[in-house]
Amino acid sequence: MSTSNLAASVGLTDEDLVGMYRVIATARAVDERMWILNRAGRIPFVISGQGHEGAQAAIAWPLEKRKDWIAPFYRSIATCLTFGMRAQDILTAQYAKAIDLSSGGRQMPGHYGNVANNLVSLSSPVATQMLHAVGIALAAKIRKTGQVAMTSMGEGSSNQGDVHEGLNFAAIHKLPFILCVENNGYAISVPVERQLATPNVADRASGYGIPGVIVDGSDVLACYRAAKEAVDRARRGDGPTLLEAKVIRLTAHSSDDQQTKYRSAEELAALQDKDPLPRFRGELRDAGILTEELEARIAAEVKVEIDEATDFAENAPEPTPDTAMKWVFAEDWPGETPPAWGFGGDHGLEGHAGDTSAAEGAVD
Amino acid sequence: MALKTFIEAIRETMSEVMRRDEAVILLGEDVGLKGGVFLATDGLFGEFGEDRVIDTPLSESLIIGASIGAAMNGLRPIAEIQFADFIHPAFNQLVSEAARMRYRSNNGFGVPMTVRAPYGGGVHGALYHSQSVEAFFAHVPGLKVVIPSTPYDAAGLLRSAIRDDDPVLFFEHKKMYRSVRGDVPAQEYLVPLGKAAITHPGTQITVIAYGLMAHYALEAADVVAEEGISVEVVDLRTLRPLDKETVLSSVRKTGKCLVVYEDNKFLGYGAEICSIVAEEAFDYLDGPVSRIAGPDVPGVPYNHVLEDWFMVNPEKIADGIRKLAAY
């Protein structure tokens, strides 16, 4: 294991930095594959994390896998990959197959969660996961487990009341908690100036008596440094941190959104200069960590992984209706009756496999 | 056996469970040194300390949301919502999150959490300290809803609720806290969730009720018994999962069914009971499936004349029984 000056500057090894790069590259590749599958009519919906991946991998990196907890949000592909999910687990969720780790095909794509990796299942009403992470941190403190809990969300979600209630409580009890706001400047179509009266979400931290840290979300190692400090602080018992990463959103909000309606061509073109993936790649090349040979090898391995994961997800079995009434509760309740039509496969409804009609006219 | 008030049974059960199980914590508004506004948690702060009996800020969504998180990380929280009327800011956490967590994660995560809240009118509580909120939550698959009517059932059902691996809403009629007394065994016992009780056997009319109305139904049954009407009272105890068998077999025996609830009549919890009886016991019915329930106004008025008008009472129930008996 070697340590370049670049790695040493953040207290990591070259292997760590290559590992981070691989996660970011994998997240981008799986994300791009999702869009292709959507436009090819194979999957009905995509919600994307492109532009967020550098911050996500770097900020999850100092947390300890299978000990600490993350309550992710719908763009958290790189976060989930860093914390133990695989490209295959992301793609089986896109196809909503029975084997989907997050929900067995019950949730829309993007609602990642996985108990084995301490990644909390999330819903669609935004910022609700804030309070789950705070509660996890409360239990960690009461049980003296030494765990840290983090949640991530966009700046749009940061305007929900649950964020205020959670930050206030976490600060009062000095909980081992981190709120990571991935500020990409838009809540679907509404720009940040129409969401916040202050320039930064992190400005609110002083109102809770906790540190508010702002970091360039395209600067992977700056994100790592800031997150490491927040994790150390939480682990020491010094309480929560509000960490705001200024990221970019390279894609539309989702496959059903057309961002050219509210973002100019110039604005979108300028985003390319801030893309964290080529920027981090350049840093690793300059530091001599990423040789041409290693870069090519990672690219080839990622491509194989995504191709195999796509085939796997495409061919995996669908969930069957006879499982649809399971897990309302931990045990079955005979009093809860199935529908009159039982559990047969043919309900007389049109299947929606490959149906992208909702996205018609919304293509960028 | 010892005679205890309804609230004593609840308080002593929490204390006993917390002594036995370190994973059980309590959180809510004023539950600490004050012991809760009704004193349901009186003394627990002194016994278990501030780590396990947590005074929260006035943040109901936080109380429920943090309980969900704590439940996912090894604890069994008992969350107290000070009045059921104040549970609405936490509706999203209960309905979108707690109820759906197990289903949406395909059994990955569960939420072993008990939410206690005093509900109900007749105590000069007006619009915002009198509400019956059970219908909102009993509607949602994934939530269990319990409303006990006796100290015995309260203790036994509360133990079952805390042990349950899924979220349980435990509503306590506040008028019963000190007015209802009953025998409670000293030893630990469980009353299972999802089991109704026949509290007054009879042959001609089934009256289905829960909470304070289960008491009023018994009083009404005694009144009409003197007129020769034999009433069977079913105390549901758990609203969901519903003990359909006990309900249906009673109605199939008596042929008549009156459902009593304190909440507004329209789409109240009892409306579902009426539907089930109409659908599944139609062949046995000798009269209309009927209801005695609260008037459809947005709340219980404060003025005592208006409050008395609002509240269902034994006389109103007895009138309903007589009308149904005439068929």
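In this predicted model, 37 residues of chain A are in contact with 41 residues of chain B. Two elements of chain A give two or more residues each to the side that touches chain B: α6, residues 129-143, and α7, residues 161-172. The largest share on that side comes from α6(A), with 11 residues. Sorted by class, the side of chain A that touches chain B holds 18 nonpolar, 14 polar and 5 charged residues.

One residue of α6(A) can serve as an example. I136(A) lies in this helix. Is I136(A) buried or exposed? It has 34 C-beta neighbours inside 10 Å, and a residue is called buried from 20 upwards, so I136(A) counts as buried. Leaving aside neighbours within four places in sequence, I136(A) is in contact with W69(A) and A149(A) in its own chain, and with G69(B), A70(B), M72(B) and N73(B) in chain B. V201(A) is 65 residues away from I136(A) along the chain, and the C-alpha atoms of the two are separated by 23 Å.

V134(A) also has partners in both chains. With residues up to four places away in sequence not counted, it touches G166(A), F169(A), A170(A), L175(A) and F177(A), and from chain B A66(B) and G69(B). V134(A) belongs to the largest nonpolar core, which has 207 residues. It is among the members that touch the most others, together with A133(A), L243(A), V207(B), A217(B), V260(B) and I321(B).

A330(A) gives another view of the two chains. It is placed in the segment after α11 of chain A, which covers residues 292-315. With 12 C-beta neighbours inside 10 Å, A330(A) counts as exposed, because the limit for that class is 12 or fewer. Even so, apart from its neighbours within four places in sequence, A330(A) is in contact with R102(B), G110(B), D165(B) and D166(B). The C-alpha atoms of A330(A) and A340(A), which are 10 residues apart along the chain, are separated by 24 Å.

Now to the helices of chain B. Helix α3(B) runs over residues 60-72. How many of its residues are buried? The count is 13 of 13, and the helix is mostly covered. Its length can be checked against what is expected: at 1.5 Å a residue, the 13 residues of α3(B) should span 18 Å, and the end C-alpha atoms are 19 Å apart, which agrees. After α3(B) comes G74(B), whose phi is positive, near 95°.

α3(B) packs against α4(B), residues 91-98, with the axes 8 Å apart and at an angle of about 25°. Angles under 35 degrees count as roughly parallel, and therefore α3(B) and α4(B) are roughly parallel to each other. From α3(B) the contact uses S61(B), I64(B), G65(B) and I68(B), while α4(B) supplies N92(B), Q93(B), L94(B), E97(B) and A98(B). An α-helix has 3.6 residues a turn, so residues three or four places apart point the same way. The residues of this contact divide into 4 nonpolar, 4 polar and 1 charged.

The last element is helix α9(B), residues 212-225. The same length check applies here: at 1.5 Å a residue, its 14 residues should span 20 Å, and its end C-alpha atoms are 20 Å apart, which agrees. Of these 14 residues 10 are buried, so α9(B) is largely enclosed by the rest of the structure. Its buried residues include L212(B), M213(B), Y216(B), L218(B) and V224(B). A217(B) is also one of them, and it was named above among the core members that touch the most others.

Methods. Residues numbered from 1 in each chain as written. Chains lettered and ligands numbered in written order. Predicted model: local features only at pLDDT ≥ 70, side-chain atom pairs only at ≥ 80, totals over all residues. Core = buried A, V, L, I, M, F, W, Y, C linked by C-beta atoms within 7 Å. Contact = placed C-beta atoms within 7 Å. Helix = DSSP H or I, 4+ residues; strand = E, 2+ residues; numbered from the N terminus. Nonpolar A, V, L, I, M, F, W, Y, C, P; charged D, E, K, R; others polar. Axes fitted to C-alpha atoms, helices over the stretch in contact; angles between N-to-C directions. Parallel < 35°, antiparallel > 145°, perpendicular 65-115°, else oblique. Expected span 1.5 Å × (residues − 1).
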